[in-house]
Amino acid sequence: MYVNTKDILEKASKEFYAVPAFNINNLEFLIAILEGAVEKNAPVIIETSEGAIKYAGNGDPIRGAKFFVNLVKGYADTLNIPVALHLDHGKNLEYIAAAIKAGYSSVMIDASHEPFEENLKITKEVVKWAHAAGVSVEAELGQLAGIEDNVSAEENVLVDPQQAKIFVEETGVDFLAPAIGTSHGAFKFKGEAKLDFERLEKVKKLTNIPLVLHGASSVPAKYVELAEKYGADLGGAKGVPAEEIKKCVKLGINKVNTDTDLRIAFLAGLRKNLTENVKEFDPRKYFKEGMQFVKDVVMDRLEFLGASGKA
Ligand SMILES: O=C(COP(=O)(O)O)N(O)CCCCO
Ligand code: NA
Ligand SMILES: [Zn+2]
């Protein structure tokens with residue numbers, strides 16, 4: 001069933017588990033994710049970046065947003081697990097408005113690159129709009145490094161826990177993404193993964209709302225190696241070890257954004273299948289292996305985040 005993101009995350013926050021938010025750009029990833037969540041009897045959040053909406057709407061945000069709401073709601077309403085649709089990294093008010101109007105469960109207003117007061121002001125506006133339409137809101141404090149889609153920043157700016165308390169009280173935001181050292185994309189961390197757990201613990205205590213971990217892909221070596229075996233060049237790819245993410249969940253992270261892991265898994269399956277079936281030209285056949293790998297990553301993540309069986 002199609003639900004509000006807040007309902008999924010409030011439950012997770014109370015019971016200290018996390019729900020993955022998986023990015024999609026097409027039908028194949030959606031099917032793989034939802035079938036994996038059904039198999040694990042788990043809640044799941046589907047999210048689209050503004051770039052995904054632009055892609056699906058061929059440049060028109062209203063068409064793209066409606067496309068994804070109808071696709072996700074249509075599929076979710078035939079399932080017995082809770083499914084939410086979230087706008088990831090909303091920066092452009094035209095896209096945020098299109099998502100709210102189309103019927104997204106929630107939207108992120110990412111004004112984290114603005115000074116604190118500006119971020120607070122913009123977020124307050126979006127919360128008013130979204131709540132009037134029954135849509136929940138995510139915001140970000142601090143900045144992640146890393147480039148992906150139209151989301152980029154030079155270096156990490158870690159969240160200030162005192163600011164987080166004020167921010168949540170003043171804006172009424174439903175869930176918050178505190179920057180604690182992760183970054184987007186397949187090439188995270190210069191050296192070892194370094195997440196600021198003390199900072200995270202303080203933010204949870206001071207805000208007491210569901211928290212979001214961005215840049216949470218683990219970049220599993222087995223799919224990197226398989227993709228490279230069939231011609232990809234992902235040299236130096238590195239992610240957040242699952243154990244580190246599990247520590248974050250224990251400290252109050254409840255939504256775990258995952259995009260890169262699905263991209264690499266699909267790439268590995270697609271390259272493998274195309275190489276091994278040179279006569280195949282039916283996409284329903286040559287996409288299958290990539291979809292299976294995406295489903296495997298989804299089920300593994302639902303398991304280690306503690307979302308399995310929580311539908
Ligand atoms: O935080 C994340 C996930 O990051 P990753 O999967 O790269 O670790 N996202 O918000 C999804 C990707 C951003 C724009 O495409
Ligand atoms: Na988000
Ligand atoms: Zn992100």
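Here is a chat between a student and a tutor about the predicted model above.

Student: Before we start, what pLDDT do local features need in this model?

Tutor: Residues are numbered from 1 along each chain as its sequence is written, while chains are lettered from A and ligands numbered from 1 in the order in which they are written. Side-chain values use heavy atoms, with hydrogens and water left out, and in this predicted model totals for chains, interfaces and linings use all residues, side-chain atom pairs count only at pLDDT 80 or more, and local features need pLDDT of at least 70.

Student: Okay, which helix gives the largest share of the largest nonpolar core?

Tutor: A nonpolar core is a set of buried Ala, Val, Leu, Ile, Met, Phe, Trp, Tyr and Cys residues joined through side-chain atoms within 4.5 Å. The largest one here has 89 residues, and Tyr104 and Leu176 are among those touching the most other members. Its largest share is eight residues, and they come from helix α13 (residues 288–305).

Student: How many residues are in the second, separate core?

Tutor: In soluble globular proteins, nonpolar side chains tend to be buried together. The second core includes Ile8, Val19, Ala21 and Val212, and its size is 11 residues.

Student: Which residue caps the N-terminal end of α5?

Tutor: Helices (H or I, at least four residues) and strands (E, at least two) are DSSP runs, numbered from the N terminus. Helix α5 covers residues 93–102, with Tyr95, Ile96, Ala98, Ala99 and Ile100 buried, and just after α5, Gly103 takes a positive phi of about 110°. At the N-terminal end, a side-chain oxygen lies 2.7 Å from the backbone nitrogen of Glu94, and the capping residue is Asn92.

Student: Why does Thr207 count as buried?

Tutor: Thr207 lies in helix α8 (residues 197–207). Leaving aside neighbours within four places in sequence, Thr207 is in contact (heavy atoms within 4.5 Å) with Ala164, Lys165, Val168 and Leu176. Buried means under 20% relative accessible area, exposed over 50%, partly exposed in between (1.4 Å probe, protein chains only). Thr207 counts as buried because its relative accessibility is 9%.

Student: How far apart in space are Thr207 and Arg284?

Tutor: Along the sequence, these two are 77 residues apart. From C-alpha to C-alpha, the distance between Thr207 and Arg284 is 46 Å.

Student: Is Asp110 buried or exposed?

Tutor: Asp110 is found in the loop between β4 and α6. Contacts of Asp110 beyond four places in sequence are His89, Gly90, Lys91 and Glu140. The relative accessible area of Asp110 is 3%, so this residue is buried.

Student: Which side chain makes a polar contact with Asp110 at 2.8 Å?

Tutor: A polar contact is a pair of N or O atoms within 3.5 Å; within protein, one must be able to donate a hydrogen and the other to accept it, and residues adjacent in sequence count only if both atoms are side-chain atoms. Asp110 makes one such contact with the side chain of Ser112 at 2.6 Å. The side chain at 2.8 Å belongs to His89.

Student: How far is a polar side-chain atom of His89 from an oxygen atom of ligand 1?

Tutor: Gly185 has a backbone N or O atom 2.8 Å from an oxygen atom of ligand 1. In the side chain of Lys188, an N or O atom is 2.5 Å from a ligand oxygen. For the polar side-chain atom of His89, the distance is 3.1 Å.
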